[in-house]
Amino acid sequence: CQCAAGAPFPEVYPRLLGCRPESGSISCSDTWMPDAVVVYLGGNDWYSLEGRHDELALGFREFLVQLRRLRPDSMIFVLLAPGNHVCACISSLSEQVRFSDDMSKCWRAAVDGLHDAKLFVEVVNPSPSADLDDPSDWGQCGHWSTKGNAKWASGVIPILAERMNWAVH
């Protein structure tokens, strides 16, 4: 599976429609500004990291700087997968533990030294977790199904609610 946009995420993010460069772009002067921007990036391609942690951390840092420039007043949440919640393109729990450690290392290195009080790195702990042995958790190309995404969201919602002071009913 490949991204239909045909470009790296930092190039795609500012577009109004990711797969259409001609669609216009967002800017820091937009009249509408989101309260929060949630980032879960890198999850499907972690198996290809192969010792490129520093390179990826630098790319993540550049993206966060760009994101802050485009969304100066928004809270930014970088979400990390825990070792017990299997993510896309992962074939074993031991592989997930390694993925989780690698992802944390790269994102925390990217954030280190940015001194941004509205930037949070959070480990999401869904309950229940996605299960490799439950086919209903999985959709196309080794990605979560609707059910798998709902499990992930069950861990994201409390994090956002607490940081944003949102009431959850």
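Tyr40, Trp144 and Trp152 are linked into a cluster by ring pairs. This is a predicted model, and with ring centres required to lie within 6.5 Å, the count comes to five aromatic pairs. Take Tyr40 and Trp152: their ring centres are 4.8 Å apart and their planes sit at 50°, so this pair is tilted. Tyr40 belongs to the loop between strand S3 (36–39) and helix H2 (53–70), while Trp152 is in helix H4 (residues 146–164), so the pair ties together parts that are 112 residues apart in sequence. The two partners differ in how much they show to the outside: Tyr40 counts as partly exposed at 26% relative accessibility, whereas Trp152, at 8%, is buried.

Let's follow Trp152 into its helix. H4 runs for 19 residues and spans 25 Å from first C-alpha to last, close to the 27 Å expected at 1.5 Å a residue. There is a kink of about 25° at Ser154, shortly before the proline Pro158. At the N-terminal end, Ser145 acts as the cap, with a side-chain oxygen 3.3 Å from the backbone nitrogen of Lys147. Past the other end comes Asn165, with a positive phi near 55°.

Which residues of H4 are buried? They are Gly148, Lys151, Trp152, Gly155, Val156, Ile159, Leu160, Ala161 and Met164. The spacing in that list is worth a look. An α-helix has 3.6 residues a turn, so residues three or four places apart point the same way. As for what covers the buried residues of H4, the elements include S3, strand S4 (75–80) and strand S5 (119–123).

Trp152 also leads us into the largest nonpolar core. That core has 35 residues, and the ones touching the most other members are Val39, Leu64, Leu67, Phe77, Val78, Trp107 and Trp152. S3, H2, S4, helix H3 (93–111), S5 and H4 each supply at least two residues. In soluble globular proteins, nonpolar side chains tend to be buried together. Val39 makes a good viewpoint here: leaving aside residues up to four places away in sequence, Val39 touches Phe63, Leu67, Ile76, Phe77, Val78, Leu79 and Trp107.

Not everything buried is nonpolar, though. Arg68, in helix H2, is buried too, with a relative accessible area of 17%; the cut-off for buried is under 20%. Where does the side chain of Arg68 reach? It gets to the backbone oxygen of Arg71, at 2.7 Å. Apart from residues up to four places away in sequence, Arg68 touches Asp73, Ser74, Ile76, Asp116, Lys118 and Leu119.

Finally, a few backbone oddities. Most residues other than glycine have a negative phi, and most peptide bonds are trans. His115 goes the other way, with a positive phi near 50°. His115 sits in the loop between H3 and S5 and, at 76% relative accessibility, counts as exposed. Asn165, which we met just past H4, likewise has a positive phi though it isn't a glycine, and it counts as exposed at 69% relative accessibility. Then there's the peptide bond from Ser127 to Pro128, which is cis, with omega near 5°. To find Pro128, look in the loop between S5 and H4.

Conventions:
Residues numbered from 1 in each chain as written. Predicted model: local features only at pLDDT ≥ 70, side-chain atom pairs only at ≥ 80, totals over all residues. Heavy atoms only, no water. Phe/Tyr/Trp six-rings, centres within 6.5 Å; stacked < 30°, edge-to-face > 60°. Helix = DSSP H or I, 4+ residues; strand = E, 2+ residues; numbered from the N terminus. Buried < 20%, exposed > 50% of the residue type's maximum accessible area, 1.4 Å probe, protein only. Expected span 1.5 Å × (residues − 1). Bend = angle between axes of the 7 residues up to and from the residue. Contact = heavy atoms within 4.5 Å. Polar contact = N/O pair within 3.5 Å; in protein donor to acceptor, adjacent residues only side chain to side chain. Core = buried A, V, L, I, M, F, W, Y, C linked by side-chain atoms within 4.5 Å.
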